[in-house]
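Here is a structure to look through by asking, at each step, what a term rests on. The questions and answers follow the display.

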There are 2 protein chains.
Amino acid sequence: MEEKLVQEIPRKSQDLSQWYVEVIRRAELADYAPMKGMMVIRPSGYAIWENIQRLLDRRFKETGHTNAYFPLFIPESFLKKEAEHVEGFAPEVAWVTHGGQEELQERLAVRPTSEAIICAMYSKWVRSWRDLPILINQWANVVRWEKVTRPFLRTTEFLWQEGHTVHATYEDAQEEVLRILNIYKEFIENELAIKVYAGKKSDREKFAGALATYTVEALMPDGKALQAGTSHNLGQNFSKAFDIKFEDRDQKLKYAWQTSWGVSTRLVGATIMVHGDDDGLILPPHVAPYQAVIVPIFKVKDKETVLSVAENIYERLRKKFRTVYDYREEYTPGWKFAEWEMRGVPIRIEIGPRDIKENSLIFVRRDTREKVKINMDEVEEKLEELLEEVQKNLFQRSEKFTFENTRETLDYSELKEIIEEKRGFVISPWCGDQKCELKVKEETKATIRLIPLDEGDKIVGKKCVVCGKPAKHIAYFARAY
Amino acid sequence: MEEKLVQEIPRKSQDLSQWYVEVIRRAELADYAPMKGMMVIRPSGYAIWENIQRLLDRRFKETGHTNAYFPLFIPESFLKKEAEHVEGFAPEVAWVTHGGQEELQERLAVRPTSEAIICAMYSKWVRSWRDLPILINQWANVVRWEKVTRPFLRTTEFLWQEGHTVHATYEDAQEEVLRILNIYKEFIENELAIKVYAGKKSDREKFAGALATYTVEALMPDGKALQAGTSHNLGQNFSKAFDIKFEDRDQKLKYAWQTSWGVSTRLVGATIMVHGDDDGLILPPHVAPYQAVIVPIFKVKDKETVLSVAENIYERLRKKFRTVYDYREEYTPGWKFAEWEMRGVPIRIEIGPRDIKENSLIFVRRDTREKVKINMDEVEEKLEELLEEVQKNLFQRSEKFTFENTRETLDYSELKEIIEEKRGFVISPWCGDQKCELKVKEETKATIRLIPLDEGDKIVGKKCVVCGKPAKHIAYFARAY
């Protein structure tokens, strides 16, 4: 057993893809299912998702949203009602054709996203301005028949939340879209400790059926961007397709305005990739399944004393922190250190006979490996402080890396060079023409990840980095997952 | 709007089925989806499920279980590995035959339950006695192609939790099966306020592939039983079919012992049916989406005073209770009373100008309609007390009804008469022969719901109520949902 863990995983800096897959396996976050492209989320991975759910769900509820549950299956005819929507999703739908022994008259899509079934219900529920806004979220599984998959980042089935709201005016819908975008940004930065840029997608990159898509984008250690969450202003596209009308205060019948927005288990993948190192995971304390691990260290003669103190510290800490007490005797302390480092526990607490004599214990940070001697009477306060320091440090690292890899240029050959050699985000002016956007993609594999919300007069006098015509936007280009 | 609510729903005592469907619609717990047999769980219904999840998940974690997530799809060949299992479930499986544009080589079952895919993973994960026990639960959706459906009680798709555990010995597995059965009973009685009987299923009624199934059964107001949760000892049936072996401490390779267990959104249906009355839902405070509703009552001249006091009470209460403050001006207090009664909020809090002068307010219980005047300074303590009283009273009612409708007889014609005329549970001795079990079913539509765990020597000297041969068991017969 000892051998298995001491055996090295690939170095993160040398082969991120291989490191990623291996760390997921070794830390038992997920496993491949026997069906192509599907994965099993194991308890250590699912616990991260549960913390994400809890922290995000609280934010949704504080802003007036409630949860509901809509059916897994969507009749094909429903999916077809919004033309762009079906075009975007039909190629990746899994189809149910038989129920029990019978062949179905109409085949059913396993939801790739739920607009089509939710809008069908909203057209029954929305009658009057009094029914608005509708602010519903659902936590659910969705299926997209992907060709190339990678655990957490892109799998045939994944878990997510999808919000679907209905409003009386465009302005109300747009306010909701940005409210959610801000929640995503704040949540990912404060809880997952990942720096993200927020902005708008280009028309080419927007959600199938939306008026406009807003996004938060994170930078992975290999310099590729990862779309971490999206918030769509659906306009009246779906309300017209699904006949969602309401009688307004002026007694006129109007089509409603809608939004939808989601984040998925992909966030677990981003968290793994951004923070880990050559020894395994480093999990942000706010979402780590265990925030601290207690490892007692003793020789036979001290065993009783040390275990009794460790047990006592455990009982104190578990009241307030997600704590694990590793009292197993079949493993050495060294083996345990390596295992819990692999699993990314933010703080290791070592308790040995000498520490006990001094009424102290040792905290070891996973992020910096720094050791701190702590007075036993202050263990709760000090742990709380140190966890917050780790959380902050992880975010600062991510932010620093992201800033260092965000470059501006007005010159197309420099843009190409940066994308080819350094990766990261390249900020350049853009005329707004899809031709230029496509040219960049073909020549560099980079896409427009976002257009910042505050571009304001930064574009005044600027010229498109590709064609030289007057710029309409500032664009963040990057290769992406 | 007023009309819509004042309009009567069917009386519960006269037509339970119609009352059930109507109360679900009026209280907006669920709605029919456009696909046959599928439902949408609306926010008011889903909030009950969220409370169930929270309270049950806590119990699972306290007993050492963790959550994980396994794929939605199960290859047909996996489902076929355990012979009884596939026979039991194949007739009600929804089949995915196409992914994107391609026809699949092997069709995939949308999980009707997850033994087949989870066991496939366990056969990879289990190697040594050190890996045991595995105590995993998942919260998931499942699909069973049902012919006759009813919201919450039986739908094509439903939400549930399914625990799947692996143990080194039969004894460990059996201990787990009964531990979970006890958790289910305690949870349903204490949190949902529904009396249940716990026991073992007859072989005819057990889970497809199990060695033995244990069950908790509740009695609905029409005298029909409802299976509320099951816990299965799978023996080595699945470990042999899926090759789940471990090296034991004695270095011998052995097949593992397994359990599985689950409860579903059916519990929401049971809660609605057991407690409601002619005016709508009555929800147990522990799982009610709102535990209290504040309704301010005022004439124009008192408006400011009353709203400011009501607002203040709301701010105090929401810190500790799930509280809603109904300050809407477009509805009368009378309309609001009827609406919140329909929605089953356990306590209504009325605040009017006279109450304010006396520094008091009025609590109205939903279960007994009793009004109590409360000193405003004690509102938190009194609300907490009264919620517990309501919770207890609901359970006592359910228990009383269940006991009153549980009858013993040694005589077959009396058994038939009770089932026909009074319904409820009939307790009678049984020889253990499936022929007698089937005869009762054919002649009365009643099945053996359970065999009590403590039958002990109650059977000594007793004769089978059907054939007169020596009894092997005490059986609880009832018609069931």
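Q: How many of the residues of chain A count as buried, and what makes a residue count as buried?
A: In this predicted model, 50% of the 481 residues of chain A count as buried. A residue is placed in that class if 20 or more other C-beta atoms lie within 10 Å of its own.

Q: Why is chain A called as compact as a globular protein of its length?
A: Chain A has 15 helices and 23 strands. Its radius of gyration is 25 Å, and because the globule rule gives 23 Å for 481 residues, which is close to that value, chain A is as compact as a globular protein of that length. Along its principal axes, the C-alpha trace of chain A spans about 85 × 60 × 45 Å.

Q: What relation do chain A and chain B have, and how do you know?
A: A turn of 180 degrees, with a shift of 0.0 Å along the axis, lays chain B on chain A with an RMSD of 0.0 Å. That is the relation of a two-fold axis. Of the residues of chain B, V96(B) comes closest to the rotation axis, with its C-alpha at 2.1 Å.

Q: Why can one say that the copies meet through the same surface?
A: Since 100% of the interface residues of chain B are also interface residues in chain A, the copies meet through the same surface. Contact here requires C-beta atoms within 7 Å, and 43 residues of chain B are in contact with 43 residues of chain A. Strand 5 (residues 94-99) of chain B gives the most to its side of this contact, with six residues. By class, that side of chain B has 30 nonpolar, eight polar and five charged residues.

Q: What makes strand 5 of chain A and strand 5 of chain B a pair?
A: Two strands pair if at least two bridges are found between them, and five bridges join strand 5 (residues 94-99) of chain A to strand 5 of chain B, so they count as a pair, and they run antiparallel. In this arrangement H98(A) stands opposite W95(B).

Q: Which domains is chain A divided into, and which elements of domain 1 touch domain 2?
A: Chain A is divided into domain 1 (2-275), domain 2 (292-401) and domain 3 (407-478). The contact between domain 1 and domain 2 of chain A takes 13 residues from domain 1 and 12 residues from domain 2. On the side of domain 1, the elements that give two or more residues are helix 1 (2-6) and helix 9 (266-275) of chain A, and helix 1 gives the most, with three residues.

Terms used: Residues are numbered from 1 along each chain as its sequence is written. Chains are lettered from A and ligands numbered from 1 in the order in which they are written. This is a predicted model: local features need pLDDT of at least 70, side-chain atom pairs count only at pLDDT 80 or more; totals for chains, interfaces and linings use all residues. Helices (H or I, at least four residues) and strands (E, at least two) are DSSP runs, numbered from the N terminus. The radius of gyration is taken over C-alpha atoms; the globule rule is 2.2 Å times the number of residues to the power 0.38. A residue is buried if 20 or more other C-beta atoms lie within 10 Å of its own, exposed if 12 or fewer, and partly exposed in between; C-beta atoms are placed from the backbone. Copies are superposed by least squares on the C-alpha atoms of residues with pLDDT of at least 70 in both. Two residues are in contact if their C-beta atoms, placed from the backbone, lie within 7 Å. Ala, Val, Leu, Ile, Met, Phe, Trp, Tyr, Cys and Pro count as nonpolar, Asp, Glu, Lys and Arg as charged, and the others, Gly among them, as polar. Domain bounds come from an automatic or database domain assignment.
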